[in-house]
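Student: Before we look at this model together, could you take me through how its descriptive terms are earned, setting each value against its definition?

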Amino acid sequence: MRPSDPWGRLKVLKNRHNGSYTWQVIAGSATLGLVVAAGAVLAAGPWDNGQRKAERALAVTADRTGGAHHGRPTPDGPRPAPSAPAVLPALGTTTHDAPRDAAALRDTLAPLIGAPELGDKVAASVIDTATGKQLYGTGATTAMTPASTIKIATTTAALSALGPDHRIATTAALSPDARTLTLVGGGDPTLSRAALRSMAADTAKALREDGDDGEDPAGPVRLTYDISRYTGPVLHPISPNENIAPVTALMVNEGRLDDTDRGPAERTDDPAGDAARAFAAQLKKAGVKVTGTPREARPANKARTVATHHSAPLAALVERTLTNSDNDIAEALARQTAIAKGESADFAGARRAVTNELKKLGVPVTGAHLADGSGLDRDDRVTPALLTALLARAADPDRPGLRPVLTGLPIAGFSGTLGDRYRDGSEGTGLIRAKTGTLNRVNSLAGTVVDPRGRLLAFAFLASGSLSATEAEPALDALATALARPAAG
């Protein structure tokens, strides 16, 4: 198969009489051209004023008639193959590019917003992200318990304060006399046993290099661990709970006692101690003699770093937080924001830091109370208007550093906490990207959708008083799906 023959069967055949291409080749070229054009459209980006530039350029070809772009035919050659209809509608026309009609949208959402399954109080906001104009609102500035949709605020603030490339470091520091080794927690809840193994190997190498005769095994050393990067209480107000571990600056795999990496799981009550003991075991495997039991202590004065592990970039941590509704990472991001802004790394300091960072972004924080970073605290309050404004900031072409807030949102019917919703042929499958939120009698959904006019809309629906999440969630899904439907009439 030649590189120019991707399908393994498309041959260039010459007509023996006049050398022109046969009609089969022309038809094949037309088909290949459409496939390539469609692929270019799908790969194009980013969003520009609610539409893709590439879609506009590729769709505006209406002046070309059948065969006009298939090459110049010879007078006695076959007729040009007819052009297929446009793969995508032209987004640059007045009909398709006009903002959604607010009145029609109100008529569409009004009967859905009143669904009894949503409970006794519902607040909503829908905006056009390109213009910031509110297309629909009911109680849009009413502060309500958001549950996990508050993670949109937490992650946006972290990206704004730290940048998408920031990584959280865990280090091992060796005392000047090489007798005490300290595992220093930086606040990475995703620290793995594999990372500890790598750090142990680096530590063992450094200890051997320090030895006068290079004898093996290295050491002995006493092992301590430092969790002073975080302050305040380690237990979340709802703890102990399978949805969150004690919030400390040192833990392995979010303090989970099984092999899962998402969802509820039994948690250790001593994540830092467990991490230190796991590190001690890895040091021994690497040939380092460790004496005694690990204890909590800060590094010795003038201790030097002999091993470092960096977390995944903040952009990846944000996406994981939103896709899986990860409470442990969310609380870590709130504290990382606090540290970056000079606040205390506890619940109160994180609340101040995140709130102030949102103010810097120019979003409406009136009425907001960010008691935690995960949304597990029922004292949390946000407004639908705040959530949609944050989503619009993340969609702003001038703020590419905030884009992981959008790319991390679960996809309806496909990923994360929306993976088992929008099934059975739902119109919203694959079209809705949204963060879910669920507490007892509290249900929420906030995210984005491209409407039939090609406009990127941001929405937030917050409900309280529902009797059953299994009934409230389909009602929320119906509201989001309605945004993807053409207007009636």
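Tutor: Let us begin with angles between axes: those under 35 degrees count as roughly parallel, over 145 as roughly antiparallel, 65 to 115 as roughly perpendicular, and the rest as oblique. The model is a predicted one, in which local features need pLDDT of at least 70 and side-chain atom pairs count only at pLDDT 80 or more, while totals for chains, interfaces and linings use all residues. Residues are numbered from 1 along each chain as its sequence is written, and side-chain values use heavy atoms, leaving out hydrogens and water.

Student: Why are H5 and H11 called oblique to each other?

Tutor: Helix H5 (residues 151–162) and helix H11 (residues 384–395) pack at an angle of about 40°, their axes being 10 Å apart; that value falls in none of the named ranges, and H5 and H11 are therefore oblique. The contact (heavy atoms within 4.5 Å) is made by Ile152, Ala153 and Thr156 of H5 with Leu387, Leu390 and Leu391 of H11.

Student: How do you know that the span of helix H6 agrees with what is expected?

Tutor: The expected span is 1.5 Å times one less than the number of residues, so the 18 residues of H6 (residues 193–210) should span 26 Å, and its end C-alpha atoms are indeed 26 Å apart.

Student: What makes E8 and E9 the edges of their sheet?

Tutor: The open sheet has five strands in the order E8-E7-E6-E5-E9, with mixed pairing, where two strands pair if DSSP finds at least two bridges between them. E8 and E9 each have a single partner strand, so one side of each is left without a neighbour in the sheet. As for the pairing of E5 and E9, six bridges join them in the antiparallel sense, and Ala169 stands opposite His310 in E9. H6 lies across E5, E6, E7, E8 and E9, running at about 160° to E9.

Student: Why is strand E12 described as mostly covered?

Tutor: Buried means under 20% relative accessible area, exposed over 50%, and partly exposed in between (1.4 Å probe, protein chains only); by that definition nine of the nine residues of E12 (residues 456–464) are buried, so the description holds. Leu456, Ala458, Ala460, Leu462 and Ser464 point one way, and Leu457, Phe459, Phe461 and Ala463 the other.

Student: How do you know that E12 pairs with both E3 and E11?

Tutor: Eight bridges join E3 (residues 121–128) to E12, and nine join E11 (residues 442–450) to E12; both pairings are antiparallel, and both meet the requirement of at least two bridges.

Notes: Helix = DSSP H or I, 4+ residues; strand = E, 2+ residues; numbered from the N terminus. Axes fitted to C-alpha atoms, helices over the stretch in contact; angles between N-to-C directions.
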